[in-house]
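Here is a walk through one structure, taken piece by piece. Have the coordinates open as you read.

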Amino acid sequence: MQINFYDFQNIYIEEKFRVHKNTQKILSKIEGNPKVSYIEDVNDFIKSLPVVYSPEERSKNLLLTGIRGEILRRCPGSSGHICCNYYVINLYVGCPLGCSYCILQSYLNQNVTIINVDIENIFYEVEKIVTENPDKIYRIGTGELGDSLVYDYLTEYSLEFINFFANFKNCLFEFKTKTNFIDNILQKESPGNIIIGFSVNPELIVKNDEVFANTFEERLIAAKKLVEKNYKIALHFDPIINIKDSTNEYAYVIEKIFSYISPNDVAWISLGTFRYTPNLKNMVEYNYQGSKILFDEFVECRDKKFRYFKKIRLKLYEQVVTNLKNFSKDLLIYLCMESPAVWEESLGFLPYEEKKIDLLFKNAIKR
Ligand code: SF4
């Protein structure tokens, strides 16, 4: 199902960004007749908003501001679980794609979606950090607090990020998306270190649990177009859901992927089974009453998140890994937020050394 993601009721603009070029560009592309207001103090403004739990409600109101705090942050990972050394930059806070399992529901409750307009500040800070450590490999992405491309039509940030990261070969920069909003990216050939990551899942899950995202096939068509421009593709089987006939369902997904692109086009593949915090469970029950993702047995893990029993997780990973390896033994596959025991049993190795993991990723895009 598609909705108009740019049909805002209210647009709030931090006064100091009123004439900023990105503010002006975004405003010029928004259709309809939203009410536009200017605000002085963003923190006070956000505190004054009513609390909302519905992502759909939140996405009707847009706030254009800069984002405070650390610009390039290590992905928080999960206690007692292996981390893959990912760094995140927050361009957007909030996401209209309506995935029932979205973790953002458990901690965002302000009634606005934020677009960070101050990307000069991001580039300034990132340049300082990555040039201070030229031998370190940085894997960086923007998809932590919202889909990386869902607002790209308004912002055109993808073009600016591609231009920026083209200068820093010790960085691997990834856009993570469930959309096919790649028109801006297609204007450029890949400079070599830009990866477009697509989340993939059986169509049944896309239809029931990713209701406003593009279909699986639309994402694959987009991936194929990107490959023609020399971009590398990442695939995220996350969350893998323990559906009926999961063996065949995931085998079909993998077969379909490699009917559009080749294993050589793939930089890396992450796998993660569905997990939730108690708060996310409440939110799924509140926002997505038709979803069946909680209809299973789960166990509380060391990081206080609930996951399928280890035996089930191992079975799901084994199915996906075996099918992937049938297409190529060279695919770089890693697990997201999993215990060392599950890593070792599923993949046969433990990536304990930070430098080794980074090198694996760097080499993966040279294939
Ligand atoms: S695309 Fe990602 S951020 Fe957006 S709703 Fe889905 S899970 Fe959440």
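Before the loops come up, a word on labels: helices (H or I, at least four residues) and strands (E, at least two) are DSSP runs, numbered from the N terminus. One more thing to keep in mind is that this is a predicted model.

**Two odd phi values**

With those labels in hand, Lys-304 is easy to place: it sits in the loop between E14 and E15. Its phi is near 70 degrees, a positive value in a residue other than glycine. That's worth a look, since most residues other than glycine have a negative phi. Is Lys-304 buried or exposed? A residue with 12 or fewer other C-beta atoms within 10 Å of its own counts as exposed, and Lys-304 has 11 such neighbours, so it counts as exposed.

Glu-156 also has a positive phi, near 55 degrees, and it isn't a glycine either. You'll find Glu-156 in the loop between helix H5 (152-155) and helix H6 (157-165). Here 17 other C-beta atoms lie within 10 Å, and Glu-156 is therefore partly exposed.

**The strands on either side of Lys-304**

E14 and E15 belong to a three-stranded open sheet, ordered E13-E15-E14, with antiparallel pairing. Strand E13 (275-276) and strand E14 (298-300) are at the edges with a single partner strand each, so each has one side left without a neighbour in the sheet. Strand E15 (residues 306-308) pairs with E13 in the antiparallel sense over two bridges. To find that pairing on screen, look for Tyr-276, which stands opposite Phe-306 in E15.

**A five-stranded sheet**

There's also an open sheet of five strands, and its order is E2-E1-E3-E7-E6. Unlike a purely antiparallel arrangement, the pairing in this one is mixed. Which strands stand at its edges? They are strand E2 (35-39) and strand E6 (92-93); each has a single partner strand, so one side of each lacks a neighbour in the sheet. At the E6 end, two bridges join E6 to strand E7 (residues 113-116), and the two run antiparallel. Val-93 is the residue to pick out there, standing opposite Ile-114 in E7.

**A buried strand**

Now go to strand E9 (residues 171-177). How many of its residues are buried? Seven of the seven are, so E9 is largely enclosed by the rest of the structure. In a regular strand the side chains alternate between the two faces of the sheet. In E9, Cys-171, Phe-173, Phe-175 and Thr-177 are on one side, while Leu-172, Glu-174 and Lys-176 are on the other, and both faces are covered. Note that Glu-174 and Lys-176 are among the buried residues.

E9 has parallel pairings with two strands. Strand E8 (residues 138-141) pairs with E9 over four bridges, and Gly-141 has Glu-174 as its bridge partner in E9. Strand E10 (residues 194-199) pairs with E9 over five bridges, and here the bridge partner of Thr-177 is Phe-198 in E10.

**Two helix pairs**

Two helix packings are set side by side below.

| Helices | Axes | Crossing angle |
|---|---|---|
| H8 (residues 216-228) and H9 (residues 246-260) | within 9 Å | roughly 35 degrees |
| H11 (residues 310-327) and H12 (residues 340-347) | 9 Å apart | about 35 degrees |

H8 passes H9 in a right-handed crossing. Leu-220, Ala-223 and Lys-224 of H8 make the contact with Lys-256, Ile-257 and Tyr-260 of H9. By class, that contact has four nonpolar, no polar and two charged residues.

H11 passes H12 in a right-handed crossing too. On the H11 side, the contact is made by Lys-310, Arg-313, Leu-314, Tyr-317, Glu-318 and Val-321, and on the H12 side by Val-342, Glu-345, Ser-346 and Leu-347. These residues divide into five nonpolar, one polar and four charged.

**The ligand and a cis bond**

Which residues surround the ligand? Cys-95, Leu-97, Cys-99, Cys-102, Leu-104, Gly-146, Asp-147 and Lys-178 do. This shell has five nonpolar, one polar and two charged residues.

Lastly, check the backbone at Asp-238. The peptide bond from Asp-238 to Pro-239 is cis, with omega near 5 degrees, although most peptide bonds are trans. Pro-239 is part of strand E11 (residues 232-240).

Terms used: Residues are numbered from 1 along each chain as its sequence is written. This is a predicted model: local features need pLDDT of at least 70, side-chain atom pairs count only at pLDDT 80 or more; totals for chains, interfaces and linings use all residues. A residue is near a molecule or strand if its C-beta atom, placed from the backbone, lies within 6 Å of it. Ala, Val, Leu, Ile, Met, Phe, Trp, Tyr, Cys and Pro count as nonpolar, Asp, Glu, Lys and Arg as charged, and the others, Gly among them, as polar. Two strands pair if DSSP finds at least two bridges between them. Axes are lines fitted to C-alpha atoms, for helices over the stretch in contact, and angles run from 0 to 180 degrees between N-to-C directions. A crossing is left-handed if the near helix is turned anticlockwise from the far one by less than a right angle, and right-handed if clockwise. Two residues are in contact if their C-beta atoms, placed from the backbone, lie within 7 Å. A residue is buried if 20 or more other C-beta atoms lie within 10 Å of its own, exposed if 12 or fewer, and partly exposed in between; C-beta atoms are placed from the backbone.
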